[in-house]
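Trainee: I should like to go through this model with you, one arrangement at a time. May we begin with the strands?

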Amino acid sequence: MSLSLIGIIFVQSYYISNSISNKEENFNFNVKQALSRVAKDIETEEFRDYVNKLRPLVIKDVNIIKDTTAIRNLYVKQENDAINETFVYSYGILEENYKLSPALFDIGLDTISIKKIISKKQTKVFKTNEIDGKVSNNEVFANYGMTDKILIDDYYRDFAYRTPIHQRTTKEKLNRQLELKLHQYDINIDYEFAIYSNDLATKIQTEDFELEDQATMQVPIFSEDNGNYNYRLLVNFPDSNKFIWSSVIGMLGLSILFTSIILIAFVTALTQIMRQRQIAEIKTDFINNMTHEFKTPIATINLALDSIKNPKIINDKEKVKRYLGMIREENKRMHAQVENVLRISKLEKNELNISKEGTSLHDLIEDAISHVELIVEDRQGHIETELKASKSSVLANETHFINVLVNILDNAIKYSPDAPKITVETVNVGNNILVSIKDEGSGMSKAAVKRVFEKFYREHTGNIHNVKGHGLGLSYVKRIVEDHSGHISVTSEKGKGSVFTIKLPLIS
């Protein structure tokens, strides 16, 4: 299951990573395409504007002084009387000289002189009038004149590269072209742009543009004759990562959701398996403990019965009475253990009816101490009381709360390898009373402290059962204290003893 889960996560991560990589490559390609088209359109628009300024060369303009000189001229006229037509052919090489006003180009020169060598061919066919031999107004002709082309390309390039970049294009024009071309590629995010000349910034740039080697896209713009470029168009996309991730965020979210569900189910299953294993171990320990708890009383009862059967004993009333007392005590002991188990079961099912009334907690402590006092004295120990609380009235069930205190005291006695030394102290804290029961016994490990109030739990001691019990006493204690709106906690250190603290609300 673990390997499968790791495999699923790896495959999903790999697929999403590839999707993001492909989206990023596609984004970069589309941006490059859009920028290339923008650069080309800007160059074309500049050239077109320049040609439009020179167009008056082929139409008369007050700002242009035109001087035409014929270098070579050929004129042929051929009449065909049979079909009543006159064929006229002309071909010439002309030299045209122009002087342009500098106002056309916004440059600080006096005049611009241009020399143009052109060839011109013309063919016409006329109908001859049969009566007077003149050309009629109704003429049919075909004009094959050469296109009036201004050979300005080389001049345009030389002229353009001597013009500052901010006079060749504007930030607004460039922004309009970028917005249009990027929109055609479905790229609708914010961008910053600039034109750099040989790695130096120019006036054509947005306010927030920053040159970043990894994130900045660039294409050349305004090419030279030899194909080199002095200028580069650079564009940044501050939200490019958001744009790229937006296409996979839905898939990523679903992937994380379903993987989380699988992971939670997997962890839950493992937790339940471990929990069931712990429960099985606890039940095994409980059965072993209960076996040892019942084994001794049963053996004692059997020995007592066998003794009573002895003819020498059966007539001795004192010995019979003694053995019957032993049987009664062992029977009461087993009955108490069974009652303890049943009491816990009823507590869990909320079937145990606990009625409460106002009583002094100090009185309950004294009663509980009296129940174990003989056992402590028998082991040559002592219980010291420091009842410092000035207010001790609580709402409690006398029987059950005495059992709580007896259980804690009994544990303090059982888990003291030497003579038990127990201190019971009370103090008032706000509207509560705190009862602390401190012993100097064997103590508990940190793991045991965390689980000491769990049902059936006993600190693992292997096959050693020197301390009798079945792990129900402190579980019962916790349930009763909580039923009294109180709280119980324990601090302990291995080899140094334990301190159980009960907090209960006071009543007026």
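**Sheets, helices and contacts**

Trainee: Which residue in β7 stands opposite Val219?

Mentor: This is a predicted model, with residues numbered from 1 along each chain as its sequence is written, local features requiring pLDDT of at least 70, side-chain atom pairs counting only at pLDDT 80 or more, and totals for chains, interfaces and linings using all residues. Side-chain values rest on heavy atoms, with hydrogens and water left out. Strands β6 and β7 (residues 229-236) pair antiparallel over six bridges, where pairing requires at least two DSSP bridges. Opposite Val219 in β7 is Leu233.

Trainee: Which strands stand at the edges of the sheet ordered β5-β4-β7-β6, and why is one side of each left without a neighbour?

Mentor: The sheet is open, and its four strands are paired in the antiparallel sense. Each edge strand has a single partner, so one of its sides lacks a neighbour in the sheet. These edge strands are β5 (200-205) and β6 (217-223).

Trainee: What is the average twist from one strand to the next there, and at what angle does helix α4 run to β4?

Mentor: The twist averages 35° from strand to strand. Helix α4 (residues 171-184) packs on this sheet and touches β4 (192-197), β5 and β7, contact being heavy atoms within 4.5 Å. Axes are lines fitted to C-alpha atoms, for helices over the stretch in contact, with angles from 0 to 180 degrees between N-to-C directions. The direction of α4 makes with that of β4 an angle of about 125°.

Trainee: Which strands stand at the edges of the five-strand sheet, and by how much are neighbouring strands turned on average?

Mentor: This open sheet has the order β9-β11-β12-β14-β13, with mixed pairing. Its edge strands are β9 (382-387) and β13; each has a single partner strand, so one side of each has no neighbour in the sheet. With direction ignored, the average turn between neighbouring strands is 15°.

Trainee: Which residue in β14 is the bridge partner of His487?

Mentor: Strands β13 (residues 487-493) and β14 (residues 497-505) pair antiparallel over seven bridges. They form a hairpin with three residues between them, and Gly495 in the turn has a positive phi of about 85°. The bridge partner of His487 in β14 is Lys503.

Trainee: How does helix α12 run relative to β13?

Mentor: Strands β11 (residues 421-429) and β12 (residues 432-439) are antiparallel and joined by eight bridges. Helix α10 (residues 398-414) lies across β11, β12, β13 and β14, at about 170° to β14. Helix α12 (residues 473-483) packs on the sheet as well, touching β13 and β14. The angle between the directions of α12 and β13 is about 140°.

Trainee: Is Ser19 buried or exposed?

Mentor: Ser19 is found in helix α1. Beyond residues up to four places away in sequence, Ser19 touches Val248 and Met251. Buried means under 20% relative accessible area, exposed over 50%, and partly exposed in between (1.4 Å probe, protein chains only). At 18% relative accessibility, Ser19 is therefore buried.

Trainee: How far apart in space are Ile8 and Thr259?

Mentor: Ile8 lies in helix α1 (residues 2-54) and is partly exposed at a relative accessible area of 36%. Ile8 and Thr259 are separated by 251 residues in sequence. From C-alpha to C-alpha, their separation in space is 8.1 Å.

How values were computed
Helix = DSSP H or I, 4+ residues; strand = E, 2+ residues; numbered from the N terminus.
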